Amino acid sequence: MSTLNVLGVGVCLPGTDKPTEALSSVITGGPGPGWLDVAAALPGRGYKRLPPGCQYLLAATANAQADADGALFAVPADRRGIVVGTNNAGMALLDEQDRTIIDAGADAIAPLSAPYFAMSLFASRLATEHRVNGFTLTVNSPRTAALDALAAGARALAAGRADALVVGATEETLPDCEPGADSSDTGAVALICARPDARSPAPSYGTVRVRTAFLAPGATAHRALENAWRDLTADTDGPPRVDAIVDDSPVGEAVLAWLGNRCADLASFPAGVGALTPMRHLVAALAAREGRHRILVTAAAEGNVAFARLDAPLPTTPLHPQQNPQQNPQQKGNRT
């Protein structure tokens, strides 16, 4: 099980670009179209016509890169990597493209947005922006995609495929016709990461380790959960704090009940539709530097389960300067 050292954190969420405020307001289901001021968050040409999920990811990564004091650019381009987790970043665009084809024909689809029917394009556009020539990977597993992206990134660093990488999660609000649209995740979170033993220009927020499991809906045996829990808690010097981000599906309820029998300090939170909410919890905990041996757990109705252990330094003064506000929740009309 490999470990990531987190050197920079960035968010692009409705109403805030401050990682410490990633959980300060109800973000799921609330923001309407145009909440991101694209011109302020992404100065320059070529951004306004990108899909919103891509804009969010680019803005969050720019914040994380600034926060990490240029740690990504401190290594050669062919030693940089990107792993992005998402479930629904392209759903609104696909819905719009379908309607355009039906009403006006395929020739009416905007050329700049046309390739984004493929979920891998979100990571590819980010790679172009930050001159990443090492590798790019997109993870789409239900709800656990962002934590699975952390695990994949850690394995890549341990295998020597890169020296620094971006691990991100981005989601866009589902179209109204889709199930769960009223509780959609929206926005993006990005981390700049390196191996724990690597020298870096930026101080560390702490380390992250991820273990994944699969729990078949209706299963009564939880050996996979036991194995993941044991791997993450074997060396702890006290009972960990556990945050469970789950829904009311049979799998979510089973995981929550299982956790209730293994830890006293357990808090549960509703999961949004998408992979972003667990990463919001993770980045908020890292930014607040809320102690050691904290574990986040999330699960999907399909059976995917992911555990992430955070080992953050004890609270002191803030590690990095506060990022400048870049979103205006009242801004409208920037998705053109």
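**Exercise 1. Decide whether Asp 69 is buried, partly exposed or exposed, then say where Asp 69 lies and what is notable about its backbone.**

Solution. Asp 69 has a relative accessible area of 42% and is therefore partly exposed, since buried residues fall under 20% and exposed ones over 50%. The next step is to place the residue in this predicted model: Asp 69 sits in the loop that runs between α2 and β2. Turning to the backbone, Asp 69 shows a positive phi of about 55 degrees, although the residue is not a glycine.

**Exercise 2. Work out where Arg 143 is found and whether Arg 143 counts as buried or exposed.**

Solution. Begin with the location: Arg 143 belongs to the loop between β3 and α5, the latter spanning 145–158. Then take the accessibility, which is 10% in relative terms, so that Arg 143 counts as buried. The backbone of Arg 143 also has a positive phi, of about 60 degrees, in a residue that is not a glycine. A further positive phi, of about 50 degrees, is found at Arg 131, just after α4.

**Exercise 3. Describe how helices α2 and α4 are arranged, starting from the angle at which their axes cross.**

Solution. Two packed helices are described by the angle between their axes together with the distance between those axes. Here the axes of α2 (residues 52–67) and α4 (residues 120–129) come within 10 Å and cross at roughly 40 degrees. The two helices are therefore oblique to each other, given that angles under 35 degrees would count as roughly parallel. The hand of the crossing between α2 and α4 is right-handed.

The residues that meet can now be listed: from α2 they are Gly 53, Cys 54, Leu 57, Leu 58 and Thr 61, and from α4 they are Phe 122, Arg 125, Leu 126 and Glu 129. Sorted by character, the residues of this contact between α2 and α4 comprise five nonpolar, two polar and two charged.

**Exercise 4. Find which residues of α4 are buried and which elements they pack against.**

Solution. The buried residues in α4 are Phe 122, Ala 123, Arg 125, Leu 126 and Ala 127. Following their contacts outward, one finds that the buried residues of α4 pack against helix α2 and against the strands β2 (80–85), β3 (135–139) and β4 (164–171).

**Exercise 5. Compare the pair α5 and α8 with the pair α6 and α7, taking angle, contact residues and residue character in turn.**

Solution. For the α5 and α8 pair, in which α8 covers residues 276–288, the axes come within 7 Å and cross at roughly 60 degrees. That angle makes α5 oblique to α8. The contact is formed by Ala 146, Leu 147 and Leu 150 from α5, together with Pro 278, Met 279 and Leu 282 from α8. The contact residues of α5 and α8 divide into six nonpolar, no polar and no charged.

For the other pair, the axes of α6 (residues 223–233) and α7 (residues 250–260) come within 12 Å, with a crossing of roughly 50 degrees. Helices α6 and α7 are therefore oblique to each other, and their crossing is right-handed. In this contact Leu 225, Glu 226 and Trp 229 of α6 meet Val 255, Trp 258 and Leu 259 of α7. The residues of the α6 and α7 contact divide into five nonpolar, no polar and one charged.

**Exercise 6. Trace the surroundings of Ala 188, beginning with the strand in which Ala 188 is found.**

Solution. Ala 188 is part of strand β5, which covers residues 187–194. With a relative accessibility of 0%, Ala 188 counts as buried. Leaving aside residues up to four places away in sequence, the residues touched by Ala 188 include Gly 10, Val 11, Cys 12, Tyr 56, Leu 57, Ala 169 and Leu 276. One of these partners shows how the chain returns on itself: Cys 12 is 176 residues away from Ala 188 along the chain, yet their C-alpha atoms are separated by 5.1 Å.

**Exercise 7. Set these details within the whole protein, asking how many helices and strands there are and what share of residues is buried.**

Solution. The secondary structure comes to eight helices and 10 strands. Of the 336 residues in the protein, 53% are buried. Finally, among contacts between residues at least 6 apart in sequence, 78% join residues at least 24 apart.

Methods
Residues are numbered from 1 along each chain as its sequence is written. This is a predicted model: local features need pLDDT of at least 70, side-chain atom pairs count only at pLDDT 80 or more; totals for chains, interfaces and linings use all residues. Side-chain values use heavy atoms; hydrogens and water are left out. Axes are lines fitted to C-alpha atoms, for helices over the stretch in contact, and angles run from 0 to 180 degrees between N-to-C directions. Helices (H or I, at least four residues) and strands (E, at least two) are DSSP runs, numbered from the N terminus. Angles under 35 degrees count as roughly parallel, over 145 as roughly antiparallel, 65 to 115 as roughly perpendicular and the rest as oblique. A crossing is left-handed if the near helix is turned anticlockwise from the far one by less than a right angle, and right-handed if clockwise. Contact means heavy atoms within 4.5 Å. Ala, Val, Leu, Ile, Met, Phe, Trp, Tyr, Cys and Pro count as nonpolar, Asp, Glu, Lys and Arg as charged, and the others, Gly among them, as polar. Buried means under 20% relative accessible area, exposed over 50%, partly exposed in between (1.4 Å probe, protein chains only).
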